[in-house]
Amino acid sequence: MLKPSRLLLPLLAALLAPTAMADTHGATDPRIEALLTQLGKVRDINEVALSPDGHHLAWVVETQGKPGIMLADADGKHARSIGLAAKPGTCSEEGLAWAPDSQHLAFLSNCASSRSGMGGGKQPDIYVFDTQSAGKPDHLASLNGFAHALSWSPDGKTLGFLYVEGATRRASALAAARPSLGEIGVEGIEVQRVASVPAQGGAVQQLTPADSYVYEFAWAPDSARVAYVAAPAPGDNNWWIARLYVQPAQAGATRTTVVDPKTVSGPLHGLQVALPRWSPDGSRIAFIGGLMSDQGATGGDLYSVPAAGGAPTLLTPGIHVTPSWFTWKTPQSLLINQFSNGHAQLAEYSVDANRAQQQRVLFPAQGNVGDGSAMMALSFSADHRQVAFEQSSFDVAPEVYAGVVDNGAPSAVTAINATLKPSWGKSESVEWDNEGFHVQGWLIYPLHYDPSKHYPMIVNVHGGPSAVVLPRWPVMGASFGPFAGLGYFVFMPNPRGSYGQGEAFVQANRKDFGYGDLRDTLAGVDAVEKKVPVDDHRLGLAGWSYGGFMSMFAPTQTQRFRVVVAGAGIANWQSYYGQNLIDQWMIPFFGASVYDDPAVYAKSSAINFIKNVKTPTLIVVGERDAECPAPQSFEYWHALRTLGVPTTLVVYPNEGHHFVNPEHQRDLLQRALNWFEKYLPPQ
């Protein structure tokens, strides 16, 4: 959730963090080490790309922390490594994009580079592999910065991509923030633009204006235009006021504002727009609009607008699911991957100028799915008869899945992580009603569950708040599901504010952070306790990002939780507003700035109720967290320490909102496990 602040007290953090890293954990339960070892064995599958003709399948899989590309038949057979890497795990190759001819595959590689790039690493360039050739990939373009989202024009003559020339960091608020030096908001601003290079090679051209930060783009069917979502730089702050534009696919071309949520009337007013997709005839653009707390975490309703501009039309009023990704199947139909009651499902919708209506669910996913290009994205053949994606669940580690759409959910075509088995118990969906809302969550049972015993339970609140918990294989770091392997129930609710029950449900926690969603969560705990033998006197709470805020705020409102782990949290919305450079995100959720309505920020600030807290709390954060700045964790820790509440603050050096150092990921999870075992022993 949230986006960057750079006022991160780096000196104090640097002083504290090394001491914390050097500290031992005391006697460690050997089961913790076994669990950590198992989590470290998973090989991440970052991307999946099915060729337009449906004959070839490519995916990106990590080896020793480095992404590499595999190419296979559509059924996963005859897989082989391609690219320039002499040995998997020695360099990075990723960013898959099939050309319309299904013969050429573009990607990014730093395997042949000797030039220094971001963070001192090797600089990636663009290459194209000819699947009909036995030779090496061809070098298409040299880059000087960060590139991603490679996309061929429909005529195959041009490769477009998002590009930050001269980038010093990955273009993501999850990455570690740059130090706050120089004239803040003026110096060192990095702008992401749409760039292109001819299919035969040549100079890279930047198509969009230099003062406009582009988040997503899409080619028009005629290959002569692009649609894109953009806002004035700096990009980290302004996505929440981004507009939808169309312009000719030429450098310096004049653009047209197609949708400005700030000025439109109707349900889209003041909300966010994402995922523009041209209709097959190029006459209009469909997109997702809704209350979204993070760029890239897309969810909302479906809208359409004439490509030349005009009033946007809400196509899905009143639906009780949350579309997250879609593609046009025909001029009269859409394939939509949507959240429904804590599950992902692919559905087909009929569409006309005024309405999109669900016709059938093609298949429900068995867990969390995606092809790596966008959240919930799927890779289809050009005729939309075949589909491919990566999938994992609480029970099955990540694999590539592919098959014919009408045959139901595809099967796995790889066995990359087939030897991994859960070290925790079974999982199940739990549903309940509260205050007129239908709510859902996921429950993971303890390993070797015995219904005659009573167990402690850890409640894990997701980030966002506009997000959702789906079944997925746990990862190292801020992943609390594996605690079920040590004798705990783990409950992961999707309270109001979450995706999966429709846009009204998402917007239900506006100006109400920590209240209605907490009541939904506590009602969910009650529902779980009616199903299974959970000891209500042994409840723990954990979360990251918005979940970190909830982990700080909940103990000020209830004494029900006996131990807390708060990761990257928010203690004081009023001070947070002044500490960060992303104040734009807060207006849609709080209704006004802190200067215009300080009371609504104070209402949800844990620091204003801090004397109610009695709960032992472990606080963890990255030193250079660009989304939830470290000073918020300092403020909460300082208050608890002053009040005599057991607490520990660990600041991880050089980490952002998403930890990238494997040692830090492991250390974070181990500390959290030890903290719960200390204050909430399973037996």
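**Figure 1. Pro465 in the loop between strand 32 and strand 33 of the predicted model.** Pro465 is found in the loop that runs between strand 32 and strand 33, and the peptide bond leading into this proline from Gly464 is cis, with omega near 15°. A second cis peptide bond, with omega near 0°, joins Ala233 to Pro234, and Pro234 has its place in the loop between strand 14 (225-232) and helix 3 (235-238). For context, most peptide bonds are trans. The loop between strand 32 (455-461) and strand 33 (489-494) also holds Ala478, which is partly exposed, with a relative accessible area of 38%. Ala478 and Ala672 are separated by 194 residues in sequence, yet their C-alpha atoms are 8.9 Å apart in space.

**Figure 2. The largest cavity and the residues that line it.** The structure holds one cavity of 30 Å³ or more, and the volume of the largest cavity is about 50 Å³. Its lining is made up of Val461, His462, Pro465, Pro495, Arg496, Gly497, Ser498, Asn509, Asp517 and Tyr546. Sorted by class, the lining of this largest cavity comprises four nonpolar, four polar and two charged residues. Pro465, one of the lining residues, is the proline that follows the cis peptide bond from Gly464.

**Figure 3. Stacked aromatic pairs between strands.** The count of aromatic pairs in the model comes to 44. Among them, Trp325 and Phe380 are stacked, with 6.2 Å from centre to centre and 10° between the planes. Trp325 belongs to strand 21 (residues 322-330) and Phe380 to strand 26 (residues 379-380), so this pair ties together parts that are 55 residues apart in sequence. Both Trp325 and Phe380 are buried. Phe389 and Tyr401 form another stacked pair, with 6.0 Å between the centres and 5° between the planes. Here Phe389 lies in strand 27 (residues 386-392) and Tyr401 in strand 28 (residues 399-404), so the pair ties together parts that are 12 residues apart in sequence. Phe389 and Tyr401 are likewise buried.

**Figure 4. Lysine side chains over tyrosine rings.** Lys426 lies over the face of Tyr445, at 4.7 Å from the ring centre. In the other example shown, the charged end of Lys603 sits over the ring of Tyr515, at 5.3 Å from the centre of that ring.

**Figure 5. Strand 2 and its antiparallel partners, strand 1 and strand 3.** Seven of the eight residues of strand 2 are buried, and the strand is mostly covered. Strand 1 (residues 45-50) runs antiparallel to strand 2 and is joined to it by five bridges, with Leu50 standing opposite Leu57 of strand 2. These two strands form a hairpin with five residues between them, and in its turn Gly54 has a positive phi of about 75°. Strand 2 is also joined to strand 3, again in an antiparallel arrangement, by eight bridges, and the bridge partner of His56 in strand 3 is Asp73. The hairpin of strand 2 and strand 3 has two residues between the strands, with Gln64 in the turn.

**Figure 6. Positive phi values at Gln64 and His78.** Most residues other than glycine have a negative phi. Gln64, although not a glycine, has a positive phi of about 55°, and this residue lies in the loop between strand 2 (56-63) and strand 3 (66-73). At 70% relative accessibility, Gln64 counts as exposed. His78 also has a positive phi, near 60°, and is found in the loop between strand 3 and strand 4 (80-82). With a relative accessible area of 64%, His78 is exposed.

**Figure 7. The hairpin of strand 5 and strand 6.** Five of the six residues of strand 5 (residues 93-98) are buried, so this strand is largely enclosed by the rest of the structure. Strand 5 runs antiparallel to strand 6 (residues 104-109), and four bridges join the two. One of the paired positions brings together Trp98 and its bridge partner in strand 6, Leu105. Five residues lie between the strands of this hairpin, and Ser102 in the turn has a positive phi of about 65°.

Notes. Residues are numbered from 1 along each chain as its sequence is written. This is a predicted model: local features need pLDDT of at least 70, side-chain atom pairs count only at pLDDT 80 or more; totals for chains, interfaces and linings use all residues. Side-chain values use heavy atoms; hydrogens and water are left out. Rings of Phe, Tyr and Trp (its six-membered ring) pair if their centres lie within 6.5 Å; planes under 30 degrees apart count as stacked, over 60 as edge-to-face and the rest as tilted. Buried means under 20% relative accessible area, exposed over 50%, partly exposed in between (1.4 Å probe, protein chains only). A charge sits over a ring if NZ of Lys or CZ of Arg is within 6 Å of the ring centre and within 35 degrees of the ring normal. On a 1 Å grid over the protein atoms alone, a cavity is a set of points where a 1.4 Å probe fits but cannot get out, and a pocket is an open set with protein on both sides within 12 Å along at least five of seven lines; lining residues have an atom within 4 Å of a point. Grid points are joined across faces, edges and corners, and a volume is the space filled by probe spheres set on the points. Ala, Val, Leu, Ile, Met, Phe, Trp, Tyr, Cys and Pro count as nonpolar, Asp, Glu, Lys and Arg as charged, and the others, Gly among them, as polar. Two strands pair if DSSP finds at least two bridges between them.
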